[in-house]
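Biologist: I should be grateful for a close look at one part of this model. Please then set that part in the context of the rest of the chain.

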Amino acid sequence: MTTEQGSARHPGGHGWRHHILAIAFFAVWTLVATFPRLLHLADHVDNWGDPLLNTWALAWNVHQALRDPLHLYDANIFYPHRSALAFSESLVGISVFAAPVLLVSGSPVLTYNLMLLAAFFASGFTTYLLAERMTGSRGSGLVAGMVFAFGFHRIGDISHIQTMTAQWIPLVLLCVDHYWGAPGETGRTRYLALAAAAFVLQMLSSFYLGLFLVPLLFLQFIWLAATRPGRLGWRLGRHLLVAAAAVGLVLWPFVSPYLTLRASLGLERSLEDATGAAAVPLNYLVAPQASLLYGQSALARLLSTEQTLFPGVACLALAAAGLRRGRDRQRIFAALIAVTGFVLSLGPGLRLTPGGPVLVPLPYYVLHQFVPGFGAIRLVGRLGLVTMLGLGLLGSFGTAALTSRLSSWTARGVSVGLALLVGFEYLSTPLPSRAIERPDQVPPVYHWLAARPDHSPLIELPTIEDRWFGKAEELERQGRYQYFSTFHWRTTPSGYSGFYPQSFWTLLRLMRDFPTPEALGWLRCADVRQVVLHGDAYGPERWAVVHGRAASYPELVPVATFGATEVYSLSSPEPGTLPAPRLALVPSADGGTVALLAWPNGGVPLAVPPEPLTVTFRWATPSGIAAETRSVGSPSCLATGWSVVPVRAPAEVPAAARVEVAATASGWRAASEPSPAAATDGVALLSWWLGTPETHVSGAALLQTTWQLPPHSGDAWSLASTIRNDYGRAVVQRLEPLFPEFLPRRERAPAGPNPTFHAIGLPPGTPPGRYRWCAQLLGPSGAAVPYRATESTPLAEQCLGQFRIASALAALPESPRLVLLDGLFAPGLHLRGALAAEESTATRVVLYWQAIQPVTEEYVVFVHLVDARGNLVAQHDDVPVEGGYPTSLWEPGELVADPHTLPRPEAGSAGLRLRIGLYTRPSLARVGVRMGEQWSDAVEVPLSGLRKVP
């Protein structure tokens, strides 16, 4: 972009002394603009969210490059997913420069902060070089560097180092211009190679910014071809093809993991995502709240956003001067850059306010739909940095115009003054920051994990618990976990990133109520062998519940304690065999069909030998029956709950098709049942199936449903499930998405029969007995939606079926207060023991019963407390297990713990004893009991033998 003005003013070249002064200028201003970061390089970041994610990514790249570079993208998060690094920006281009710093310092945070400061400095300096070449005026480039490197658009986005590393954009444009203007073949080749290398580094530092370069380069080539057509020809085409091929070969190993995830998991942003995260014209009036001049402005308060795109008064004034008074036509190119960035930053359609309607379609729509890579961009408003680049270049033209008649030294002084004026307007210090532990301050649990010989996967809890990531503190807590993993590098199914695998949503839902049978079952099947519970992150009341429940699960064994943090080991799944699944068809959003192979498991997790399954689709055609067979792998573990494998049907398969699946090794075959007929109108529950007519405490109740929902109603439906006992009392409640996480949301079609799968774990302490699964449907608004399950009137909640919870077979508890008894009641009920415990206002007695044969009658247990004279002091009569487990449900051999609560007797009572027996209703006839050789109507035991007497 050599100009007549530039040639006249710089006949002798650029002058490296002048560049050294510019380097010093930007280095000093970087420290001023980011103060007091210099004082906390090793122990502060902007927040515990994205900065710690990027700190982790830099550390992972250096760690893995030295250990196993061929598996660079197989990061330690989202286990067992491969290429987990590709769920966000890989930052490989930044890691190249970060590696020496990290290897010398050993501090990931120090490395991150130094790379961030270097990005500010380098962005300013490379923009200065580009502006100087375009204007041909020494000193004026300082203004462009200040606008591009230190503008409000950078301050608002400072927590994302990938978008701070924008220095390669102006460098690519500079090298391309040198290539176009170089007189010799050698020089041109050198500049083209530099441009290609800078493009690669920009792509590897931030795919966002690398993609932003694509329309800029297109615009630059159009401009150069129009203004200097002499370079056009076959040689240019050959050079560009060779450069493009070289760039493609270098980038391919780093891009292919993203393409693989995109194809397998559909990791793309929708057009609605791009529209929602695009800028609106008002964003160009917004400054960050940390701004010294504008932080208290109305827009800064009303529009709390990262997209703070206000260019500043000084920048706009200089840009206007450059556009109007500049004599070089290159200013038109700078203006085109600004206009291009502005229009593209507004996204696929013009909106006047965030969340407002789209008024006019815009060119970004074409990029999103037809240019590879743009479909993954969410924060389209970041294209505002291209606007700032163009305005900064125009500001340089304005500076050159204002100083054109001044002497050389005066012009440079004025240029420096104008650059400082621009910089002072952008000052936003001190920026908010948050302390983070240095390597020597890391909590001891992480050093303990690093020293363990077992490097199996682990999970840290609590994790992110808000379904839509609405709580910043939960995101930041997960970011802190991820940062601490750089000190042990253990794998985990959890993580913090830009995209998330489908299994992650299941993890979040299950871990909210940890520990439960489904949560433990899922973790055991995910090969997680250690659980780290951070008690101080739960809060006192909730931690008491979590800690108490953890002691009730024998598969959770405490192994270490570090203050409020406890580490548990988790046992492996039990070995089992692969049973036949249930089969269901679900319509997808693209008009196709997906077959769901669902394995129910209400008990402990089972490790099953994986084997190939043959899935056959059969459907009717005008010419007969068509069939197509596909192969799919079976699960290697059946977690507590449902294990679902989706299989996409051929395009022509209708929703009424028949699905058959066969397992050669296991020797079973299964087939789908006909889809239930749709109701005539409204919301309807077409069918349901209770997968566990009988289960045990610490197991899970399973339910499959098929729903008819209104068309075009979205997919944000939820099911509120309640397990109720025979008396209607709620025992367990659960709210979960109606549509399962194993099928991507964008692939679900609400219209048509929609099969869903649900599981509710039964925590320890759930009384045995008869229970009903009652369901309430919640619409997209969160309100209850009446639905029809039969021909009856639609109800808000309906109880779908009954199942039985049995006591697990177990031995009598080991307790010094347990009194062994030998009372055999006539129906075949054996009272084997009893114990009592004093509470503040009552005495709690637990009886241990065992049926030695099936019992058909339902008996009432009475527990009477009598004094030495036989007078009744207190009593409690009830159906066993607090009315929830009648004797007719007892299985022979199972041990039933039956609690009873009696009012505490008055102080001084002596000779108290318990009389325990059975009677029938309504006759109140007592059942005889044999104690040794004696028969009676009750078992008597002294209370002093059951409890500690004060």
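Biologist: In which sense do strand 33 and strand 36 pair, parallel or antiparallel, and over how many bridges?

Modeller: The model is a predicted one, and the values that follow are computed from it. Strand 33, covering residues 913–919, pairs with strand 36 in the antiparallel sense, and the pairing extends over 4 bridges. Within that pairing, I916 has V939 of strand 36 as its bridge partner.

Strand 36 itself runs over residues 939–942 and has two unlike faces: V939 and V941 lie on the covered one, while E940 and P942 lie on the uncovered one. In a regular strand, side chains point alternately to the two faces of the sheet. V939 therefore belongs to the covered face of strand 36 and is also the residue bridged to I916.

A parallel counterpart is found elsewhere in the chain. Strands of a sheet may pair in either sense, through hydrogen bonds of the backbone. An open sheet of 3 strands, in the order 9-12-15, has mixed pairing. Its edges are strand 9 (574–575) and strand 15 (637–638), each of which pairs on one side only. Strand 9 is joined to strand 12, residues 606–607, by 2 bridges in the parallel sense, and there P575 stands opposite A607 of strand 12.

A further strand, strand 3 (residues 360–361), contains V360. V360 has a relative accessibility of 40% and so counts as partly exposed, the limits of that class being 20% and 50%. When residues up to four places away in sequence are left out, V360 touches P348, G349 and L350. V785 is 425 residues from V360 in sequence, and the two C-alpha atoms are 36 Å apart in space.

Among the helices, helix 6 (residues 141–150) is mostly covered, with 10 of its 10 residues buried; they include G141, M146 and F150. Helix 21 is likewise described as mostly covered, 10 of its 13 residues being buried, among them E474, R477, Q478 and Y481. From first to last C-alpha, helix 21 reaches 18 Å, close to the 18 Å expected at 1.5 Å a residue.

Helix 21 also leads to the internal space of the model. Empty space is revealed by rolling a probe the size of a water molecule over the atoms. The search of the whole structure returns 6 cavities of 30 Å³ or more, and the largest holds about 110 Å³ of space. It is lined by 14 residues, of which E460, Q478, Y481, S485 and T492 are the closest to its centre. Helix 21 (472–484) and strand 5 (458–461) each contribute at least two residues to this lining. By class, the lining comprises 4 nonpolar, 8 polar and 2 charged residues. Q478 and Y481 are thus named twice: as buried residues of helix 21 and among the lining residues closest to the centre of the largest cavity.

As for the whole, the protein contains 25 helices and 36 strands, and its C-alpha trace spans about 125 × 80 × 50 Å along the principal axes. Of its 950 residues, 57% are buried. Of the contacts between residues at least 6 apart in sequence, 72% link residues at least 24 apart.

Note on methods:
Residues are numbered from 1 along each chain as its sequence is written. This is a predicted model: local features need pLDDT of at least 70, side-chain atom pairs count only at pLDDT 80 or more; totals for chains, interfaces and linings use all residues. Side-chain values use heavy atoms; hydrogens and water are left out. Buried means under 20% relative accessible area, exposed over 50%, partly exposed in between (1.4 Å probe, protein chains only). Two strands pair if DSSP finds at least two bridges between them. On a 1 Å grid over the protein atoms alone, a cavity is a set of points where a 1.4 Å probe fits but cannot get out, and a pocket is an open set with protein on both sides within 12 Å along at least five of seven lines; lining residues have an atom within 4 Å of a point. Grid points are joined across faces, edges and corners, and a volume is the space filled by probe spheres set on the points. Ala, Val, Leu, Ile, Met, Phe, Trp, Tyr, Cys and Pro count as nonpolar, Asp, Glu, Lys and Arg as charged, and the others, Gly among them, as polar. The expected span of a helix is 1.5 Å times one less than its number of residues. Contact means heavy atoms within 4.5 Å.
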